[in-house]
Amino acid sequence: MHAPELLHYYPKFHSMDSYMIRLSSPFTYNHKCYLFANQKLSRHFTSFNFRLQSRKNSTSDAKEFDESAFEAERLRLDAKARESMAQISKTMTETTAEAEADPKAWKWVIRKRIWDLMEAQNIAQNPRPVHHRIPNFVGASSAAKKLSELEAFVMANCVKVNPDSPQKQVRFLTLSDGKKLLTPQPRLRTGFFSILESSMLTPSTINEACTSVGVAKYGRPIGLDEKIKVDVIVIGSVAVDPTTGARLGKGEGFAELEYGLLRYMGAIDDSTLVVTSVHDCQIVDDIPVEKLLVHDVPVDIICTPTQVIFTNRTIPKPQGIYWDKLSPEKLGQIRILRELKSRIEQETGQKLPCGPSEKLPPNAQRRRRRS
């Protein structure tokens with residue numbers, strides 16, 4: 001990916017509903033400093049190394065890793081995030097004035113319909129209730145098996161898979177097949193991406209390595225200067241439209257953010273296949289393409305317990321990171337983005353654009369820690 005591509009501005013998009021960001025003008029930058037081109041990352045970001053300092057793979061570190069504390073904190077933060085999303089959902093689906101004023105309200109209507117349906121018909125699987133999650137479902141392993149039989153997956157060397165429950169079997173099959181598994185830290189709270197390989201694991205630890213605790217315990221954290229090529233992206237969904245490839249996540253926007261960061265790194269491009277595994281009831285036909293935003297990531301292939309669908313995707317994929325759409329409040333929640341923004345501004349001598357401020361629900365106002 002070249003710097004001119006990343007700096008191309010899309011003026012017709014004025015709002016976003018996620019953490020997804022893009023490096024876009026208007027600001028002046030030094031033409032001698034193409035630090036955003038993939039081939040220059042190692043020169044300009046030699047000090048970039050966003051790693052979990054206590055998550056190395058040495059025996060002593062593994063012994064010191066407090067699994068119980070990690071899991072307790074993960075569950076606490078997950079519950080807090082779901083509560084804030086529930087408040088947003090309630091506002092968007094029950095308050096007419098708010099819904100009419102917000103261009104994202106229609107997404108919450110579809111999400112709620114799918115979550116309610118999965119619970120009512122007992123399609124949902126633990127963790128339950130599935131509301132405000134990438135929902136786990138009956139037949140997730142069957143969908144994962146179909147995904148693993150795709151030619152693109154069979155030929156892949158490195159697969160990026162989301163950390164949610166319905167894709168756990170995809171992560172297992174990735175490692176079992178001797179491939180590299182790239183997976184993000186949950187909500188990018190404690191780090192960036194981690195890489196796991198079967199050579200790092202034993203038969204008794206491979207299943208654990210497919211969990212959030214296992215990723216933190218056995219994975220190798222990477223930074224933005226990592227030279228890596230991702231062959232397939234597996235993404236979780238709440239709803240997906242097979243006729244267009246349009247997709248809705250749970251509403252936090254991390255899939256879009258992760259996609260944009262991989263584009264920034266040069267690890268993926270437009271040709272990198274995006275695959276989702278869902279239950280058949282999550283397939284919809286009422287996602288309005290014209291209301292999607294520039295950051296929304298469409299899918300190329302849908303795998304369900306009963307079928308594989310190659311979408312007729314016409315929606316363009318995001319091209320990078322959108323700084324001008326990121327609110328100060330959301331930037332304050334993700335440390336790696338604050339560090340990246342600070343370093344870029346230091347290198348260029350220019351202040352990056354910032355999105356408009358937004359009012360987050362009270363429970364989404366997380367305390368900013370000193371980094």
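This passage walks through the sheet, the nonpolar core and a few ring contacts of a predicted model.

A good place to start is the open sheet, which is built from eight strands with mixed pairing. Read across, the strands follow the order E4-E3-E2-E1-E5-E8-E9-E10. Strand E4 (220-221) and strand E10 (308-310) form the edges, each pairing on one side only. Further in, strand E8 (residues 273-277) and strand E9 (residues 301-303) run parallel and are joined by three bridges. Here Val 275 stands opposite Ile 301 in E9.

In soluble globular proteins, nonpolar side chains tend to be buried together. In this model, the largest nonpolar core holds 38 residues. Those touching the most other members are Leu 182, Phe 192, Leu 262, Met 265, Trp 323 and Leu 337. Two or more residues come from each of strand E3 (193-196), strand E5 (232-235), helix H11 (254-265) and helix H13 (335-348). Helix H11 gives the most, with eight residues. The core also draws on both domain 1 (68-320) and domain 2 (322-357), with at least three residues from each.

Phe 192 returns when the aromatic rings are considered, where the count comes to one aromatic pair. The ring centres of Phe 192 and Phe 193 lie 4.6 Å apart and the planes meet at 65°, so the pair is edge-to-face. Both Phe 192 and Phe 193 are buried.

Rings also meet charged groups. The charged end of Arg 111 is placed over the ring of Trp 108, 4.5 Å from the ring centre. Likewise, Lys 179 has its charged end over the ring of Phe 153, at 5.2 Å from the centre.

Terms used
Residues numbered from 1 in each chain as written. Predicted model: local features only at pLDDT ≥ 70, side-chain atom pairs only at ≥ 80, totals over all residues. Heavy atoms only, no water. Core = buried A, V, L, I, M, F, W, Y, C linked by side-chain atoms within 4.5 Å. Buried < 20%, exposed > 50% of the residue type's maximum accessible area, 1.4 Å probe, protein only. Helix = DSSP H or I, 4+ residues; strand = E, 2+ residues; numbered from the N terminus. Domains from an automatic or database assignment. Phe/Tyr/Trp six-rings, centres within 6.5 Å; stacked < 30°, edge-to-face > 60°. Lys NZ or Arg CZ within 6 Å of the ring centre and 35° of its normal. Pairing = 2+ DSSP bridges.
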